[in-house]
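Student: Could we go through this structure together, one question at a time?
Tutor: Gladly; let's have it in view and begin.

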Amino acid sequence: MALRNHSTITEFILLGLSADPKVQILLFVLFMGIYFLTIMGNLILLLVIRADSHLHTPMYFFLSHLSFLDLCFSSVTVPKLLENLLSKEKIISKEGCLTQAFFVFDIGGTEVFLLSVMAYDRYAAICHPLLYSQVMSSQLCVRLVWASWGLGFLDAVFNIPLAMNLNFCENHIISHYTCELPSLFPLSCSDISTNVTVLTGSTLLHGFGTFFLILFSYTRIVSTILSISSTTGRSKAFSTCSSHLTAVSFFYVSAFLHYLMPTSGSPLELIFSIQYGVVTPLANPLIYSLKNKEVKTALRRTLGKCLQW
């Protein structure tokens with residue numbers, strides 16, 4: 001009966017990052033530059049891995065999929081952010097909002113699983129080098145990538161259809177620059193207890209499940225590295241993991257904290273979201289190209305071939 005006294009909301013207003021028009025213009029230029037560099041950086045990394053036969057290994061196979069995920073993830077959130085920075089209305093439909101939330105869940109969840117797969121790949125390479133080619137066969141690599149996509153999709157399927165049944169009344173202002181479930185729940189006039197339970201459960205299962213896989217892999221990796229007698233050998237072994245550890249820290253920690261902390265629209269919440277949604281897709285190709293000698297060498301070879309043409 002109570003719902004009859006309210007008009008059902010069919011669109012939301014995304015408040016974004018600032019209400020000051022001058023600041024919005026500066027932010028538009030900043031995020032446009034970040035988005036352009038993200039697209040270019042990940043495309044270049046994808047092309048270099050595909051073009052250079054020296055990089056046709058499991059590690060770079062997974063890295064190419066990570067770059068593709070970063071392209072997709074950034075394209076789900078940043079274009080709408082750029083549009084709203086230039087728009088006075090900053091409106092997004094309920095269907096558009098839930099669609100964006102679905103792809104954030106799907107792609108973000110896939111990326112978390114893929115990062116744990118990449119940790120296992122490093123474990124196999126460092127702890128079992130003689131068996132590495134047998135353990136990380138091409139068939140297994142393809143199956144692990146498909147499993148990552150499937151589990152990410154499953155996570156979104158559990159959460160988003162439940163949100164589609166929610167009613168939104170009166171309050172339709174989202175204190176965020178993008179649509180994510182933690183920001184939508186406080187606006188609903190329906191009972192959200194089931195939604196919150198499913199979201200918390202899937203986040204904990206998803207987050208801690210992949211965290212323990214990464215923790216197990218790196219516990220064994222560190223133990224193996226410390227047992228190496230030569231300093232050069234330890235340094236070489238650690239260098240193959242440093243890029244991945246940096247990528248995990250950038251994405252995993254900020255995303256996990258954002259989905260578990262109370263929704264308030266606070267600057268800290270926005271910073272976490274920007275870090276994993278905007279900065280990390282740009283940072284990953286830089287991390288893997290600047291800290292990885294094989295990628296830098298392959299990039300020089302590819303550029304050399306292009307110049308000869």
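**A loop residue and its partners**

Tutor: Leaving aside neighbours within four places in sequence, asparagine 171 is in contact with Ile9 and Leu187. Keep in mind that this is a predicted model.

Student: Where is asparagine 171 found?
Tutor: Two elements frame this residue, and one of them is β3 (173-174). The other is α5, and asparagine 171 is found in the loop between α5 and β3.

Student: Is asparagine 171 buried, partly exposed or exposed?
Tutor: Buried means under 20% relative accessible area and exposed means over 50%, with partly exposed in between. Asparagine 171 has 38% relative accessibility, so it counts as partly exposed.

Student: How far apart are the C-alpha atoms of asparagine 171 and serine 188?
Tutor: Along the chain, asparagine 171 and serine 188 are 17 residues apart. In space, their C-alpha atoms are separated by 8.1 Å.

**The helices**

Student: What pattern does the protein follow along the sequence?
Tutor: The protein has 10 helices and 3 strands. Read along the sequence, they give the pattern β-α-α-β-α-α-α-β-α-α-α-α-α.

Student: What span should helix α5 have, and how far apart are its end C-alpha atoms?
Tutor: Helix α5 covers residues 138-164, which is 27 residues. The expected span is 1.5 Å times one less than the number of residues. That gives an expected 39 Å for α5, which agrees with the distance between its end C-alpha atoms, 39 Å.

Student: What covers the buried residues of α5?
Tutor: The buried residues of α5 include Cys141, Val145, Asp155 and Ile160. The cover over the buried residues of α5 includes α2 (58-86), α3 (94-127), α6 (181-184) and α7 (193-226).

Student: How are α1 and α2 oriented, roughly parallel or roughly antiparallel?
Tutor: Helix α1 (residues 21-51) packs against α2 with axes 9 Å apart and an angle of about 160°. That angle makes α1 and α2 roughly antiparallel.

Student: Is the crossing of α1 and α2 left-handed or right-handed?
Tutor: Handedness depends on which way the near helix is turned from the far one, with anticlockwise by less than a right angle being left-handed. For α1 passing α2, the crossing is left-handed.

Student: And α3 with α7, roughly parallel or roughly antiparallel?
Tutor: The axes of α3 and α7 are 8 Å apart, at an angle of about 20°. Angles under 35 degrees count as roughly parallel. By that cut-off, α3 and α7 are roughly parallel.

**Two buried side chains to look at**

Student: Which residues does tyrosine 123 contact, apart from neighbours within four places in sequence?
Tutor: Tyrosine 123 lies in helix α3, and at 10% relative accessibility it counts as buried. Tyrosine 123 is among the α3 residues that meet α7, where Ser217 and Arg220 are among the partners. Outside that sequence window, the contacts of tyrosine 123 are His128, Phe216, Ser217, Arg220 and Ile221.

Student: How far apart in space are tyrosine 123 and serine 217?
Tutor: In sequence, tyrosine 123 and serine 217 are 94 residues apart. From C-alpha to C-alpha, the distance between tyrosine 123 and serine 217 is 5.3 Å.

Student: What is the phi of lysine 90?
Tutor: Lysine 90 lies in the loop between α2 and β2 (91-93). At 11% relative accessibility, lysine 90 counts as buried. Although lysine 90 is not a glycine, its phi is positive, at about 55°.

Terms used
Residues numbered from 1 in each chain as written. Predicted model: local features only at pLDDT ≥ 70, side-chain atom pairs only at ≥ 80, totals over all residues. Heavy atoms only, no water. Helix = DSSP H or I, 4+ residues; strand = E, 2+ residues; numbered from the N terminus. Buried < 20%, exposed > 50% of the residue type's maximum accessible area, 1.4 Å probe, protein only. Contact = heavy atoms within 4.5 Å. Axes fitted to C-alpha atoms, helices over the stretch in contact; angles between N-to-C directions. Parallel < 35°, antiparallel > 145°, perpendicular 65-115°, else oblique.
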